Amino acid sequence: MNSLVISFCTLIVLIFHKFVNTSIRKGKIREGFCALWCVDAVFCICGTVVSFLLYHYAFLPFLTIRNLILFILYACATAGFLALAPSGFRLLFKKRNFSMSEILLGEYRFNDTLCLVRGFFMLLLLLLPVIFTVTEQSDALLPFLSAWNEPEICGGFCFIAFMILLPVSLRQSFFWLKNLMETPSDEENLVLKRNSVTLHYRKRNYKL
């Protein structure tokens, strides 16, 4: 399987992001965020499987000390990410002993930060397969890669990127899906209005 399929699929997702971001600037903020993260979640699940096949990772047998340690570390990192989010683990429960306006403002800022992280890894997923494919055709550029299998190297990098993006996209998808099922409160309407104004002037300043 050619690793360029990852770049091609990433490009399609980025084009989809472009169209959805246009609707977000027009006021459909919650719907746009939900659509972006849900598509990213599906993309990350499929990408993890594809990059796993490209990497040819020796995962079997499952019950080994290495796999157990890696799984524990990954689970701890995922739990830490969920705990650091503004809603934290309270997102899974109904009881909320905190200010709704503060938590919503934190969630929107947290979402902006995760969008930057997502953009960085999306750029890697777009460019890495292309770079490795080009260098594979010219051993003079990177001769030390000649002893390695290009799909395995590229698949390994992409596999790590997808494993980082997977819990991020799933968490955000769950949050925005849950958010859409609820009628926005006065506090959230205020946050949405501020966010809409920020996006409007950000686009205007970019054009200037």
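Which side chain does a polar contact of 2.8 Å join to that of E107? Keep that one in mind while you get your bearings; we'll come to it at the second stop.

**Stop 1: the whole chain**

Start with everything shown as cartoon. This is a predicted model. You should count 6 helices and 0 strands, so there is no sheet to look for, because strands are what would be drawn as such. From the N terminus on, the elements run α-α-α-α-α-α. Of the 208 residues in the chain, 36% are buried. Now look at how the chain comes back to itself: among contacts with a separation of 6 or more, 80% are between residues 24 or more positions apart. Switch on the surface and you have about 12,900 Å² exposed, with carbon and sulfur atoms supplying 72% of it.

**Stop 2: E107**

Select E107, in helix α4 (residues 100–137). Its relative accessible area is 1%, so E107 is buried. Here is the reply to the opening question: the polar contact of 2.8 Å runs from the side chain of E107 to the side chain of R171. Show the surroundings too. Leaving aside neighbours within four places in sequence, E107 is in contact with P86, S87, R171 and F175.

**Stop 3: R30**

Next, pick R30 in helix α2 (residues 29–55). Is R30 buried or exposed? R30 counts as buried, because its relative accessibility is 9% and the cut-off for buried is under 20%. Residues up to four places away in sequence aside, R30 touches Y108, W176, N179, L180, E182, P184, E188 and L192. Keep Y108 and W176 on screen for the next stop.

**Stop 4: the cores**

Which residues of the largest nonpolar core touch the most other members? Select I24, I29, F33, Y108, L114 and W176; the core they belong to has 19 residues. Colour by helix and you'll find that α1 (4–25), α2, α4, α5 (150–180) and α6 (186–207) each supply at least two residues of this core. Apart from it lies another core, of 17 residues, including I6, I153, C154 and A161. In soluble globular proteins, nonpolar side chains tend to be buried together.

Now zoom in on L114. With neighbours within four places in sequence left out, L114 is in contact with W37, F81, V168 and Q172.

**Stop 5: along helix α2**

Two more selections sit in α2. Click A35, which is found in this helix; at 29% relative accessibility, A35 counts as partly exposed. Draw a C-alpha to C-alpha distance from A35 to V20: the two are 15 residues apart in sequence and 7.7 Å apart in space.

Then go to T48, also found in helix α2. T48 counts as buried, at 12% relative accessibility. Which residues does T48 touch, not counting those up to four places away in sequence? They are F159, F162, M163 and L166. For another distance, try T48 to L165: 9.6 Å from C-alpha to C-alpha, with their positions 117 residues apart in sequence.

**Stop 6: a patch on the outside**

Finish on the surface. Select L4, V130 and V134, which make a nonpolar patch of about 210 Å². V134 is found in helix α4, the helix that also holds E107. V134 is partly exposed, with a relative accessible area of 46%, whereas E107 is buried.

Note on methods:
Residues are numbered from 1 along each chain as its sequence is written. This is a predicted model: local features need pLDDT of at least 70, side-chain atom pairs count only at pLDDT 80 or more; totals for chains, interfaces and linings use all residues. Side-chain values use heavy atoms; hydrogens and water are left out. Helices (H or I, at least four residues) and strands (E, at least two) are DSSP runs, numbered from the N terminus. Buried means under 20% relative accessible area, exposed over 50%, partly exposed in between (1.4 Å probe, protein chains only). A polar contact is a pair of N or O atoms within 3.5 Å; within protein, one must be able to donate a hydrogen and the other to accept it, and residues adjacent in sequence count only if both atoms are side-chain atoms. Contact means heavy atoms within 4.5 Å. A nonpolar core is a set of buried Ala, Val, Leu, Ile, Met, Phe, Trp, Tyr and Cys residues joined through side-chain atoms within 4.5 Å. Patches are made of residues with over 30% relative accessible area and no salt bridge: like charges are joined within 9 Å, nonpolar side chains (Val, Leu, Ile, Met, Phe, Trp, Tyr) within 5 Å. Accessible areas come from the Shrake-Rupley method with a 1.4 Å probe; for residues, only the protein chains shown count as cover. A salt bridge is a side-chain nitrogen of Lys or Arg within 4 Å of a carboxyl oxygen of Asp or Glu.
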